[in-house]
Amino acid sequence: MALVPMKQILEEAKKKGYGVGAYNVNNMEQIQAIMAAAQETQSPVIIQASRGALKYSNFTYLGYLMKAAVIENPTIPVAMHLDHGNSLDSAKKAIDLGFSSVMIDGSLKEDGKTPSDYEYNVNVTRSVVEYAHKYGVTVEAEIGRLGGIEDGVGSGSAHITDPKEAEKFVKDTGVDALAIAIGTSHGAYKFKGAKVLAFDVLEEVRKLIDIPIVLHGASSVPKELIDAVNKYGGKMPGAEGVPMEHLQKAIKLGVQKINVDTDGRLAMTATIRKVFTETPEKFDPRDYLGPARTALQGLIASKMKAFGTAGHAGDYAPLTLEDMKKLYNK
Ligand code: G3H
Ligand code: 13P
Ligand code: ZN
């Protein structure tokens with residue numbers, strides 16, 4: 001089995017200067033598509049489940065589907081990661097399910113909406129670090145605040161990361177990876193005007209901290225997918241994402257983990273809408289979920305190539321959570 005701690009996947013990426021996509025999953029077809037793309041491109045991969053995804057699947061279903069991905073792909077380093085955990089309890093539940101990594105998003109309070117303060121963030125993050133490291137599990141935290149609201153996750157107000165605060169936060173908490181806010185946001189409507197990211201802030205943070213850096217809200221919202229959604233009966237005017245060149249620049253400047261959910265949703269929705277429009281007589285879920293899975297595989301494979309992840313699956317011997325326990329407890 002190649003379930004690996006996310007820390008290892010990201011530190012290997014940091015050493016070699018490439019990015020690793022963390023792709024959100026809710027169901028079997030998404031997981032299969034991402035794993036097929038990882039096989040096709042020989043990429044290490046992070047599959048992540050939000051609290052909403054775990055709730056939707058009653059926890060156990062998604063947990064076992066993610067484990068199936070690991071079992072079916074023994075030569076691919078896979079991290080199972082909790083996206084936007086909101087409390088120690090949410091991290092404990094993910095660790096109980098067998099996740100090798102958890103995010104605690106203390107930039108917001110437990111409701112996932114209300115902006116928190118530094119002290120709150122440090123306290124909740126430390127409690128998760130203390131707990132997770134006992135199990136060899138990686139912890140990602142967030143400092144600064146993303147804009148945008150996605151299904152109730154997010155405050156709607158952005159706060160660009162303060163590099164000095166990021167440096168202090170890493171020392172105060174002992175986290176393994178840090179998500180920073182440089183102007184991206186969740187969802188399909190990221191920019192109204194110019195697509196500006198605070199690359200200067202990223203550069204400054206990279207100088208001050210040594211752990212892997214995470215970029216949330218990193219979907220590109222490709223025009224061809226929006227056009228296809230709209231062509232086949234959807235209504236998504238004004239959708240905009242982060243151009244791939246911006247992501248590649250961010251990777252060059254020191255980002256290792258790139259979170260992608262929206263683009264996967266768009267690829268599946270565009271395909272399903274097309275099947276429904278062009279072949280209205282079809283009603284077998286395999287007739288639309290199958291093509292949606294194939295489209296998602298293509299999208300993820302192209303991201304793996306563009307982020308530089310492709311070809312790195314066999315670079316290193318996977319560490320186990322037992323190995324990590326020893327390293328953390330040294
Ligand atoms: O952080 C946002 C991710 O896209 C997860 O979204 O909470 O709707 O599953 P979700
Ligand atoms: P997108 O909405 O840009 O795909 O971001 C996803 C994300 O950050 C999940 O944590
Ligand atoms: Zn996010």
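## Helix 1 and Met6

Helices here are DSSP runs of H or I, at least four residues long, numbered from the N terminus. Met6 is found in helix 1, which covers residues 6–16. The model is predicted.

Is Met6 buried or exposed? Its relative accessible area is 0%. Buried means under 20%, so Met6 counts as buried. Leaving out residues up to four places away in sequence, Met6 touches Ile46, Ala79, His81, Ser100, Ser101, Thr138, Glu140 and Lys257. Met6 and Val78 are 72 residues apart along the chain. Their C-alpha atoms are separated by 8.0 Å.

Met6 has buried company in helix 1: Gln8, Ile9, Leu10, Glu12 and Ala13. An α-helix has 3.6 residues a turn, so residues three or four places apart point the same way. After helix 1 comes Gly17. The phi of Gly17 is positive, near 80°.

## The surroundings of ligand 2

How many residues surround ligand 2? There are 15. The closest are Asp83, Lys190, Ser219, Asp261 and Thr262. By type, the shell divides into two nonpolar, ten polar and three charged residues. Two strands each supply at least two residues of this shell: strand 3 (78–85) and strand 8 (255–260).

Look next at the oxygen atoms of ligand 2. A polar side-chain atom of Asn259 lies 3.0 Å from one such oxygen. For His84, a polar side-chain atom lies 3.2 Å from an oxygen of ligand 2. Ala218 uses its backbone: a polar atom there is 3.2 Å from a ligand 2 oxygen. Taken alone, ligand 2 exposes 310 Å². The protein buries 98% of that area.

## Helix 11

Thr262, one of the closest residues to ligand 2, also belongs to helix 11, residues 262–278. Helix 11 has 17 residues. From its first C-alpha to its last, helix 11 reaches 24 Å. That is close to the 24 Å expected at 1.5 Å a residue.

Which residues of helix 11 are buried? They are Thr262, Asp263, Gly264, Leu266, Ala267, Met268, Ala270, Thr271, Ile272 and Val275. What covers them includes helix 2 (28–41), helix 9 (223–231), strand 8 and helix 12 (285–306).

## Gln256 in strand 8

Strand 8 helps to cover the buried residues of helix 11, and Gln256 lies in this strand. Gln256 has 4% relative accessibility, so it counts as buried. A polar atom of the Gln256 side chain lies 3.2 Å from the backbone oxygen of Gly254.

Which residues does Gln256 touch, not counting those up to four places away in sequence? Leu10, Ala13, Lys14, Tyr18, Gly19, Val20, Arg206, Pro212 and Ile213. Leu10 and Ala13 are among the buried residues of helix 1.

## Two loops: Val196 and Ser116

Val196 lies in the loop between strand 6 (177–180) and helix 8 (199–208). Is Val196 buried or exposed? Its relative accessible area is 58%. The cut-off for exposed is over 50%, so Val196 is exposed. Not counting residues up to four places away in sequence, Val196 touches Ile182 and Phe191. Val196 and Thr262 are 66 residues apart in sequence. In space they are 19 Å apart, C-alpha to C-alpha.

Ser116 sits in another loop, between strand 4 (101–104) and helix 6 (118–134). Ser116 has a relative accessible area of 16%, so it is buried. Its contacts, leaving out residues up to four places away in sequence, are Gly106, Ser107, Leu108, Lys109 and Asn121.

## Positive phi without glycine

Phe59 is not a glycine, yet its phi is positive, about 60°. Where is Phe59? It lies in the loop between helix 3 (51–56) and helix 4 (60–72). At 26% relative accessibility, Phe59 counts as partly exposed.

Val221 is not a glycine either, and it has a positive phi of about 45°. Val221 is found in the loop between strand 7 (213–215) and helix 9. With a relative accessible area of 5%, Val221 is buried. Helix 9, at one end of this loop, is also part of what covers the buried residues of helix 11.

Notes
Residues numbered from 1 in each chain as written. Chains lettered and ligands numbered in written order. Predicted model: local features only at pLDDT ≥ 70, side-chain atom pairs only at ≥ 80, totals over all residues. Heavy atoms only, no water. Near = heavy atom within 4 Å. Polar contact = N/O pair within 3.5 Å; in protein donor to acceptor, adjacent residues only side chain to side chain. Areas by Shrake-Rupley, 256 points an atom, 1.4 Å probe, with all protein chains shown as cover. Nonpolar A, V, L, I, M, F, W, Y, C, P; charged D, E, K, R; others polar. Expected span 1.5 Å × (residues − 1). Buried < 20%, exposed > 50% of the residue type's maximum accessible area, 1.4 Å probe, protein only. Contact = heavy atoms within 4.5 Å.
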